[in-house]
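User: I am new to reading structures, and I would like to go through this one by question and answer. Please explain each term when it comes up.

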Amino acid sequence: MMAGSHIALGAAAWFVAAPRLGLPALEPVSLGLAIFGALLPDIDHPKSWVGKRVWPVSWLCSRLFGHRGLTHSLIAVIACIALLLREDLPVGVTSPLVVGYLSHLAADLLTPGGLRLTWPLRGTWALPLCRTGSPFEPLVVALVLSWAWGNTTERLDLRAGLRSTGICRLLAAEMPGVCEGVAPAATAVPWRPWNSLAWQGGATPLSQTR
Ligand SMILES: [Zn+2]
């Protein structure tokens with residue numbers, strides 16, 4: 001599948017998996033990791049999105065394993081499971097990466113090219129639903145993404161996002177719809193240089209002289 005489809009399907013997989021793992025589906029870092037994981041298997045193709053960015057590595061992977069070789073095999077799936085079981089790594093990092101990675105393998109399985117799951121043995125496994133780059137591909141991706149979005153209970157709270165910027169401290173009166181319910185900031189005492197001048201004793205201060 002195309003990189004854009006893998007990005008969308010990685011996000012869709014995370015929307016579905018995150019609540020089941022007790023993790024936030026819309027947290028930007030987790031979502032970014034899921035999308036990164038969804039692009040990672042094609043590191044074995046020098047012309048893929050990720051392959052172009054690390055071309056010496058992708059060139060080497062391509063030469064050693066071939067496209068849809070090791071990185072798209074059961075060995076990679078086992079490595080993903082092993083990564084999830086590592087207790088010394090934060091689950092908030094490993095889970096989205098693995099979910100995204102597995103979404104890529106599932107997506108490639110739906111193309112006629114399929115997966116060589118038993119790599120390095122011969123044999124391809126496929127459920128050929130749509131050809132890479134065909135007009136049917138974005139349709140399938142859009143359907144899966146909309147289904148996954150409908151399944152997540154989280155919703156983007158734009159008002160909460162705006163409030164988190166601290167804008168209500170400045171524009172609470174101008175933005176009642178956004179800042180409603182936010183306690184107004186304590187009235188700040190305007191800083192004036194002479195307020196900080198303390199009387200040190202000695203001669204009578206000028207303000208008290210007549
Ligand atoms: Zn792939």
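User: Over which residues does pLDDT stay under 50?

Analyst: This is a predicted model, in which local features need pLDDT of at least 70 and side-chain atom pairs count only at pLDDT 80 or more, while totals for chains, interfaces and linings use all residues. Residues are numbered from 1 along each chain as its sequence is written. pLDDT is the predictor's confidence in each residue, from 0 to 100, and the chain averages 83, with 80% of the residues scoring at least 70. The stretch with pLDDT under 50, for which the model has 2 contacts beyond four places in sequence (a contact being two C-beta atoms, placed from the backbone, within 7 Å), is residues 202-207.

User: How many helices does the chain have?

Analyst: Helices (H or I, at least four residues) and strands (E, at least two) are DSSP runs, numbered from the N terminus. The chain has 0 strands, and its number of helices is 10.

User: Which element gives the most residues to the largest nonpolar core?

Analyst: A residue is buried if 20 or more other C-beta atoms, placed from the backbone, lie within 10 Å of its own, exposed if 12 or fewer, and partly exposed in between. A nonpolar core is a set of buried Ala, Val, Leu, Ile, Met, Phe, Trp, Tyr and Cys residues joined through C-beta atoms within 7 Å, and the largest one here has 30 residues, of which Leu9, Ala11, Ala12, Trp14 and Ala34 touch the most other members. Two or more residues come from each of H1 (3-20), H2 (28-39), H6 (91-109) and H7 (136-151). The element that gives the most, with 10 residues, is H1.

User: Why is H1 described as largely enclosed by the rest of the structure?

Analyst: Leu9 touches Ala38, Ser103, Ala107, Val141 and Val144, not counting residues up to four places away in sequence. H1 is largely enclosed because, of its 18 residues, the number buried is 13.

User: At what angle do H2 and H6 pack?

Analyst: Axes are lines fitted to C-alpha atoms, for helices over the stretch in contact, and angles run from 0 to 180 degrees between N-to-C directions. The axes of H2 and H6 lie 6 Å apart, and the contact includes Leu33 and Ala34 of H2 and Pro96 and Leu97 of H6. The angle at which H2 and H6 pack is about 40°.
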